[in-house]
Amino acid sequence: LSCTAACASVVRRRAATSVTMADDDNAEEIEMWKVRRLVKGLEEARGNGTSMISLVIPPKGQINLTAKMLADELGTASNIKSRVNRQSVLAAIGSAQQRLKLYNHVPPNGLVIYCGTVLTDEGKEKKVNMDFEPFKPINTSLYMCDNKFHVEALSDLLQCDSKYGFVVMDGHGTLFGTLAGNHREVLHKVSVDLPKKHGRGGQSALRFARLRLEKRQNYVRKIAELTTQLFITDDRPNVNGIVMAGSADFKNQLLQSDLFDQRLQPHIIMIVDVSYGGENGFNQAIELSAEALGNIKFVKEKKLIGKYFDEISQDSGKYCFGVKDTLACLEMGAIETLIVWEDLAVDRCILHNSQTQEETIHFFTPEQQANNDNMKDPETGVDLEMTEKIPMMEWLANEYKNFGCTLEFITDRSEEGSQFVRGFGGIGGILRYQVNLADFEVASDHGDSSDEYSSDDEGYI
């Protein structure tokens with residue numbers, strides 16, 4: 001068993017190295033999840049009076065001007081009649097000033113500061129002071145003193161900003177555009193004057209028809225070249241998907257042509273028929289494709305969970321589910337893709353035994369934490385002290401790279417996601433190789449109480 005564990009350790013280190021060297025495509029999604037979790041906590045926080053300060057400084061803001069503004073606010077707040085409220089506001093402004101002194105200049109993505117006294121569920125007061133740089137530039141300037149934190153600016157960062165390309169093509173010209181969130185941009189316009197079909201020409205009718213086909217073919221070639229030029233950067237597509245639109249059959253001819261770049265072919269989301277060309281056609285194409293663009297994340301999620309279910313149906317042995325088995329495989333470095341429900345309510349708890357001075361790590365649900373039997377030593381019955389508690393989701397988001405795996409958050413809004421949450425506990429993984437978990441079962445009677453996963457089965461789902 002020890003030899004196998006050593007081999008697993010080597011595999012985990014190699015896997016971690018390969019992940020570090022590779023591009024981490026889902027890193028931004030994990031950062032968004034962290035901000036989403038932070039926003040949710042700040043939104044729910046409430047305080048007495050107007051003692052909660054929200055301060056947002058854009059990237060081009062100046063620290064000295066903000067410091068001067070806080071000094072002026074401090075003078076104004078000293079005139080508040082209510083003594084309790086006055087002291088709370090002055091303390092919050094003072095905390096904001098101290099946080100601001102930690103920076104010589106505004107970070108590249110801006111600066112967000114929240115300071116104040118909030119009420120806990122038990123009705124007690126708790127001071128909250130935090131400052132951080134957002135994961136994306138925040139182009140908002142804000143100062144509010146209220147009984148709640150204002151997180152609208154952070155919420156705006158969470159809006160999906162995946163960029164999609166649009167090609168609106170008809171017999172009069174072509175428009176190239178992009179859509180990112182609520183912002184649309186026209187990249188390029190091409191006008192064309194193609195000959196129409198006619199019955200004239202006599203003996204030259206075939207020549208006229210040939211010239212007409214040649215001009216149409218040249219038009220398709222030019223649009224194919226522009227599509228590659230605008231939507232390919234460094235040999236990779238620079239958009240998450242492409243929508244082909246138009247009122248004629250040109251869009252289909254372009255896609256079926258050998259001239260169309262094959263690197264863009266997999267990124268074609270849909271083909272829509274529009275009644276207009278140009279910008280009016282662009283707007284109509286956005287409306288007709290809105291549902292498809294909104295379901296891109298769901299499509300990705302369905303494919304991921306579908307792959308997981310395929311491993312189960314084939315009985316390949318390259319899968320795991322449940323907190324206990326998943327963490328065991330994670331420690332071995334066997335997990336290639338870790339799949340977790342974004343609302344999984346499990347905490348990583350460190351329990352301290354005051355008699356033996358030993359610490360054990362358990363993963364408990366809120367119900368298990370409320371059970372006093374889980375807070376006692378099973379052998380001696382001594383009450384254990386919880387020295388640290390952190391949501392397992394947060395721990396995984398910070399540590400997953402050390403285990404050499406890719407972390408994917410899913411929702412329960414799709415049919416597959418709901419089945420994964422209800423049937424598999426909301427956590428599982430696709431493995432690199434087969435693992436017989438019975439061989440790696442670490443029980444407490446082995447005497448290794450310091451092992452991270454040596455808790456009894458009650459600590460796991």
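Two strands count as paired if DSSP finds at least two bridges between them. The exercises below apply this to a predicted model.

**Exercise 1. Decide how β12 and β18 are related, and place them in their sheet.**

Step 1. Count the bridges. β12 and strand β18 (residues 427–431) share 3 bridges, in the antiparallel sense. The cut-off is at least two bridges, so the strands pair.

Step 2. Pick out one bridge. F321 has G428 in β18 as its bridge partner.

Step 3. Place the pair. The strand order is β12-β18-β13-β17, in an open sheet of 4 strands with mixed pairing.

Step 4. Find the edges. They are β12 (319–321) and β17 (406–410), each of which pairs on one side only.

Step 5. Add the twist. From one strand to the next it averages 20°.

**Exercise 2. Which strands do helices α10 and α12 touch on this sheet?**

Step 1. Take α10, residues 323–332. This helix packs on the sheet and touches β12, β13 (335–341) and β18. The directions of α10 and β12 make an angle of about 135°.

Step 2. Take α12, residues 392–399. This helix also packs on the sheet, where it touches β13, β17 and β18. Its direction makes about 150° with that of β13.

Step 3. Compare the two lists. β13 and β18 appear for α10 and again for α12.

**Exercise 3. Describe the sheet that holds β1 to β4.**

Step 1. Write the order. It is β3-β2-β1-β4, an open sheet of 4 strands with antiparallel pairing.

Step 2. Name the edges. β3 (125–132) and β4 (142–146) each pair on one side only.

Step 3. State the turn between neighbours. On average it is 5°, direction ignored.

Step 4. Look at one pair. Strand β2 (residues 111–119) joins β3 through 8 bridges, in the antiparallel sense. One bridge links L119 to its partner E125 in β3.

Step 5. Add the helices. α3 (residues 63–77) lies across β1 (52–57), β2 and β4, and runs at about 160° to β1. α4 (residues 83–100) lies across β1, β2, β3 and β4, at about 150° to β2.

**Exercise 4. Is T117 buried or exposed, and what is it in contact with?**

Step 1. Locate the residue. T117 lies in strand β2.

Step 2. Apply the cut-off. Buried means under 20% relative accessible area. T117 has 15% relative accessibility, so it counts as buried.

Step 3. List the contacts. Leave aside neighbours within four places in sequence. T117 is then in contact with G47, N48, S51, M52, E125, K126 and K127.

**Exercise 5. How many disulfides does the structure hold, and how accessible are C145 and C349?**

Step 1. Recall the bond. A disulfide is a covalent bond between the sulfur atoms of two cysteines.

Step 2. Give the count. The structure holds 0 disulfides.

Step 3. Classify C145. Its relative accessibility is 28%, so C145 counts as partly exposed.

Step 4. Classify C349. Its relative accessibility is 0%, so C349 counts as buried.

**Exercise 6. Summarise the chain as a whole.**

Step 1. Count the elements. The chain has 13 helices and 18 strands.

Step 2. Give the buried share. Of the 461 residues, 42% are buried.

Step 3. Give the surface. The accessible surface comes to about 25300 Å², and 48% of this belongs to carbon and sulfur atoms.

Step 4. Check the contact range. Take contacts between residues at least 6 apart in sequence. Of these, 70% join residues at least 24 apart.

Definitions and conventions
Residues are numbered from 1 along each chain as its sequence is written. This is a predicted model: local features need pLDDT of at least 70, side-chain atom pairs count only at pLDDT 80 or more; totals for chains, interfaces and linings use all residues. Side-chain values use heavy atoms; hydrogens and water are left out. Axes are lines fitted to C-alpha atoms, for helices over the stretch in contact, and angles run from 0 to 180 degrees between N-to-C directions. Contact means heavy atoms within 4.5 Å. Buried means under 20% relative accessible area, exposed over 50%, partly exposed in between (1.4 Å probe, protein chains only). Accessible areas come from the Shrake-Rupley method with a 1.4 Å probe; for residues, only the protein chains shown count as cover. A disulfide is a pair of cysteine sulfur atoms within 2.5 Å.
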